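This text leads through a structure one element at a time. Please have the sequence and the coordinates at hand.

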Amino acid sequence: MTCAACGRGETRLSTTTIVLENGPGSIIFRGVPANVCQSCGEEFVEDRVALELIKRTQAAAASGANQQTLDYAAG
Ligand SMILES: [Zn+2]
């Protein structure tokens with residue numbers, strides 16, 4: 001699809017690393033599927049993927065872990 005950020009580039013399905021704030025710490029997700037613009041580098045994550053990340057961040061927060069690195073695919 002055409003990039004919604006720059007309007008010129010084409011996006012391609014790839015994987016990225018996303019960091020979500022979790023109170024005093026942060027959760028780092030690796031291997032997150034995202035459409036990445038080949039021109040400007042903007043990353044577009046699907047809603048269901050974003051929701052999954054939020055869900056897992058909340059689960060990690062509930063377990064008391066402030067700083068974690070998680071593999072999305074391991075999920
Ligand atoms: Zn772009």
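Strand β1, residues 11-22, pairs with strand β2, residues 25-37, and the two run antiparallel, joined by eleven bridges. The model that shows this pairing is a predicted one. Two residues separate β1 from β2, so that the strands make a hairpin in the sense of consecutive runs along the chain. One of the turn residues is Gly23, and its phi is positive, about 60 degrees.

Individual bridge partners help to place one strand against the other. Thr16 stands opposite Val32 of β2. Ser14 has Ala34 of β2 as its bridge partner. In a regular strand, side chains point in alternation to the two faces of the sheet.

Strand β2 has further partners. With strand β3, residues 43-44, strand β2 forms an antiparallel pair over two bridges. Here Val36 is bridged to Glu43 of β3. The hairpin of β2 and β3 has five residues between its strands. Gly41 in this hairpin takes a positive phi, near 85 degrees.

Strand β4, residues 67-71, is also joined to β2, through five bridges, and these two strands run parallel. The bridge partner of Phe29 in β4 is Leu70.

Glu43 deserves a separate look. Is Glu43, with 17 other C-beta atoms within 10 Å, buried, exposed or partly exposed? A residue counts as buried from 20 such atoms upward and as exposed at 12 or fewer, and Glu43 is therefore partly exposed with its 17. Glu43 lies in strand β3. Leaving aside residues up to four places away in sequence, Glu43 touches Thr16, Ala34 and Val36. Of these, Val36 is the bridge partner of Glu43, while Ala34 is the bridge partner of Ser14 and Thr16 stands opposite Val32. Between Glu43 and Ala4 there are 10.0 Å in space, C-alpha to C-alpha, although the two are 39 residues apart in sequence.

The helix comes next. Helix α1 covers residues 47-62, which makes 16 residues. At 1.5 Å a residue, the helix should span 22 Å, because the expected span is 1.5 Å times one less than the number of residues. The C-alpha atoms at the ends of α1 are 23 Å apart, which agrees with that expectation. After α1 comes Gly64, with a positive phi near 85 degrees.

Conventions: Residues numbered from 1 in each chain as written. Predicted model: local features only at pLDDT ≥ 70, side-chain atom pairs only at ≥ 80, totals over all residues. Helix = DSSP H or I, 4+ residues; strand = E, 2+ residues; numbered from the N terminus. Pairing = 2+ DSSP bridges. Contact = placed C-beta atoms within 7 Å.
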